[in-house]
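Subject: Structure handover

Hello,

Here is the structure I promised to pass on. Please open it alongside this note. My findings follow below.

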Amino acid sequence: LTNEPKDKDFKKETDFGFLNISPSEKTAKVRAVFDHVASQYDLMNDLMSAGLHRAWKNQFVDQVSLKPDVKILDVAGGTGDIASRLWAKLQKKMLQGTIIICDINERMLQEGKDRALNNGLLKGIEWVCGNAERLPFPSNSMDVYTIAFGLRNVTYKETALQEAFRVLKPGGQFLCLEFSCLQDGLLAPLYDLYSFKVLPMLGKWVTGNGPAYQYLAESIRRFPNQTTLKGMMEDAGFSMVSYQNLFKGLTAIHQGWKKI
Ligand SMILES: C[S@@+](CC[C@H](N)C(=O)[O-])C[C@H]1O[C@@H](n2cnc3c(N)ncnc32)[C@H](O)[C@@H]1O
């Protein structure tokens, strides 16, 4: 695995939550965060969002365009939460297809593989350890690229978007689900209180790692807002870029297409 950026993209500093650190440090720190929380990751998602992440993920997967023998790449796929929904959607429509989960973190993938084995979800799902910034897949090879709650953790987001564009076939669909910019000023103080006080405490209690959830809250605030991300996708080459706010913009689904 290499995390070396292209020269033109090189940055001396990048964000890690509210801190500015070197890009290589960020990759290592993000990996450490997910190494540490991997075994409690799914439980913590349910607790901290009161189950809302399930509804967001279902809405996200509903937007995926399926066709026979579709090839879907789920980047930063972690424990396979999106992939298992995609798999169920394929089954429901009685379609064959391939779902490839690509994540930089072996432990998250291992957690997912164990869970998939328990649930009998093995056929049609591949697990690949790889970096969103240097995808180990050929150009023009995927019909759909999904990334959920992943782009925020990537050091070179523009490079990851260019990689998404590269691996998609002409006519391919890009979908990103991510925390975004809350559009309701009245809720903002409550959201801040929850993010910066309650969440790290909950994280410490459940995973033993409060700072990992402090990082989560901070990284959300540093992530590009809806219109900025839309612009970044257009810069990467995507057409017909649009976004949909969920829960007053707490999260958003961005969608774009690689023109035929
Ligand atoms: C918050 S989890 C999201 C997991 C899953 N998509 C979900 O929605 O439950 C973020 C994932 O991004 C992965 N990740 C972070 N940086 C990455 C990178 N540069 N390339 C690929 N995966 C990365 C982490 O290892 C982690 O599994």
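Let me start in a helix. Ala-116 lies in helix α5; helices here are DSSP runs of H or I with at least four residues, strands are E runs of at least two, and both are numbered from the N terminus. Ala-116 counts as buried, at 6% relative accessibility. Buried means under 20% relative accessible area, exposed means over 50%, and partly exposed is in between, with a 1.4 Å probe and protein chains only. The C-alpha atoms of Ala-116 and Ser-84 are 8.0 Å apart, with their positions 32 residues apart along the chain.

Before the rest, the ground rules. This is a predicted model, where local features need pLDDT of at least 70 and side-chain atom pairs count only at pLDDT 80 or more, while totals for chains, interfaces and linings use all residues. Residues are numbered from 1 along each chain as its sequence is written, and side-chain values use heavy atoms, with hydrogens and water left out.

Arg-115 is also worth a look. It sits in helix α5, which covers residues 106-119. Arg-115 counts as partly exposed, because its relative accessibility is 26%. Its C-alpha is 16 Å from that of Asn-105, 10 residues away along the chain.

Now the ligand. It is surrounded by 19 residues, where near means that a heavy atom of the residue lies within 4 Å. The closest are Ala-76, Asp-103, Asn-131, Ala-132 and Ala-148. By class, this shell has 10 nonpolar, 6 polar and 3 charged residues. Ala, Val, Leu, Ile, Met, Phe, Trp, Tyr, Cys and Pro count as nonpolar, Asp, Glu, Lys and Arg as charged, and the others, Gly among them, as polar.

Which atoms reach the ligand's nitrogen and oxygen atoms? A backbone N or O atom of Ala-76 is 2.8 Å from a ligand nitrogen. A backbone N or O atom of Ala-132 is 2.9 Å from a ligand nitrogen. On the side-chain front, an N or O atom of Lys-57 lies 3.0 Å from a ligand oxygen. The protein covers 97% of the 600 Å² of accessible area that the ligand has on its own. Those areas come from the Shrake-Rupley method with a 1.4 Å probe; for residues, only the protein chains shown count as cover.

Next, the second largest pocket. Its volume is about 180 Å³. A pocket is found on a 1 Å grid over the protein atoms alone, as an open set of points with protein on both sides within 12 Å along at least five of seven lines; lining residues have an atom within 4 Å of a point. Grid points are joined across faces, edges and corners, and a volume is the space filled by probe spheres set on the points. The lining includes Trp-87, Leu-90, Lys-123 and Gly-124. The elements giving it two or more residues are α4 (81-92) and β4 (97-103). By class, the lining has 4 nonpolar, 5 polar and 1 charged residues.

Two loop residues deserve a check of their backbone. Asn-140 has a positive phi, near 55°, and is not a glycine. It is found in the loop between β5 (125-129) and β6 (142-148). Asn-140 is partly exposed, with a relative accessible area of 42%. Phe-247 has a positive phi of about 50°, and is not a glycine either. It lies in the loop between β8 (239-246) and β9 (251-257). Phe-247 counts as partly exposed, at 47% relative accessibility.

Lastly, two buried residues. Ser-180 lies in the loop between β7 (168-179) and α7 (188-207). Is Ser-180 buried or exposed? It is buried, because its relative accessible area is 11%. Its side chain makes a polar contact of 3.2 Å with that of Gln-226. A polar contact is a pair of N or O atoms within 3.5 Å; within protein, one must be able to donate a hydrogen and the other to accept it, and residues adjacent in sequence count only if both atoms are side-chain atoms. Cys-176 lies in strand β7 and is buried, with a relative accessible area of 0%.

Best wishes

Conventions:
On a 1 Å grid over the protein atoms alone, a cavity is a set of points where a 1.4 Å probe fits but cannot get out, and a pocket is an open set with protein on both sides within 12 Å along at least five of seven lines; lining residues have an atom within 4 Å of a point.
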